[in-house]
Amino acid sequence: MARPGTESTGEALARLYDLDLVEDPGDVELYRALARRTGGPIIELAVGSGRVAAALVADGHHVVGIDNDPAMLARARARIGAEHVTLVEGDLAAAPSIGVVTSSGPYRLAIIALNSILLLAGAERQRAALAAMARLLEPGGLAVVDAWQPGPQDLVAFDGRLSLEWLRTDPETGNQVTKTVAAWFDPATRLVTLTTVFDEGTPGQPPIRWTRVDALRLVTADELVAYAEAAGLEVEQVAGDHDLGPMEPGSERVVLIARKP
Ligand SMILES: C[S@@+](CC[C@H](N)C(=O)[O-])C[C@H]1O[C@@H](n2cnc3c(N)ncnc32)[C@H](O)[C@@H]1O
């Protein structure tokens, strides 16, 4: 990891991702329980900075993680250590054709956590992700995908307005950081263009600004089911939260669990 003050934009954004995630999304217990059920090996597509993988490794599983952001992978490596995790840089849809990924498989559990599927900016890319999961799994293995379902109150605010999300102190740098976001929603394509601005510094000094723009393609539960079935997976559960409660009107997430026959 770079020393504060010498880091690249990618490194800073990866550090700030972890600062964002100090607010626990509450999903790790779900993956720990699924991993107890399936056993390993486990693959996490879009492993990021290793938040979920670290918990699975702590439970004694070997995890293979793939991500296309080297700065996120560097943080995962620093967080977990190299012994029980294999981290690979690449596009998750291409995972089944990466030798080091296939040689550790086939997998009992394949995970796409915390809205990562939305970062695949189009239905075909999302379908390809489910197809990759199916190819990576052994018969009886499980695929799990977790995607945010914004409600009408969220979508109506996705009109470009700036909104302050939080002010925190980064324990790594001691800097005060503010996170501000602006989102645009295009109903025709179901694309949300999300601009995130982090300003960090010490009081009384000019802040450093880091900006990222992400395209999120919203996905419905029906679409996820269709992608899973097209990939030859059998849908076991479509849940509406990380405790696997039912998907119902107003659910803020869809958690799809599908089995390779
Ligand atoms: C919301 S983060 C999730 C990280 C981690 N799974 C977690 O739950 O904290 C999304 C991650 O997806 C990665 N990502 C986005 N598109 C990708 C792609 N096409 N292939 C691999 N990784 C991708 C990003 O680099 C980022 O690390």
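This tour visits the ligand and its surroundings, then helix α3. The model is predicted: local features need pLDDT of at least 70, side-chain atom pairs count only at pLDDT 80 or more, and totals for chains, interfaces and linings use all residues. Residues are numbered from 1 along each chain as its sequence is written, and side-chain values use heavy atoms, with hydrogens and water left out.

Select the ligand and the 20 residues around it, each having a heavy atom within 4 Å of the ligand. Those that come nearest are Y17, E44, A46, D67 and D91. By class, this shell holds 10 nonpolar, four polar and six charged residues; Ala, Val, Leu, Ile, Met, Phe, Trp, Tyr, Cys and Pro count as nonpolar, Asp, Glu, Lys and Arg as charged, and the others, Gly among them, as polar.

Next, display the backbone of A46, where a polar atom lies 2.7 Å from a nitrogen atom of the ligand. At L92, a polar backbone atom is 2.9 Å from a ligand nitrogen, and at N68 the corresponding distance is 3.2 Å. The protein covers 91% of the 590 Å² of accessible area that the ligand has on its own (Shrake-Rupley method, 1.4 Å probe).

Now select helix α3, residues 51-58, a DSSP run of H or I with at least four residues, numbered from the N terminus. Six of its eight residues are buried (under 20% relative accessible area, 1.4 Å probe, protein chains only), so the helix is largely enclosed by the rest of the structure. The buried residues are R51, V52, A53, A55, L56 and V57. Their cover includes α2 (28-38), α4 (70-80) and β4 (107-112). Finally, select G60, which follows α3 and has a positive phi, near 100°.

Note on methods. A polar contact is a pair of N or O atoms within 3.5 Å; within protein, one must be able to donate a hydrogen and the other to accept it, and residues adjacent in sequence count only if both atoms are side-chain atoms. Buried means under 20% relative accessible area, exposed over 50%, partly exposed in between (1.4 Å probe, protein chains only). Helices (H or I, at least four residues) and strands (E, at least two) are DSSP runs, numbered from the N terminus. Contact means heavy atoms within 4.5 Å.
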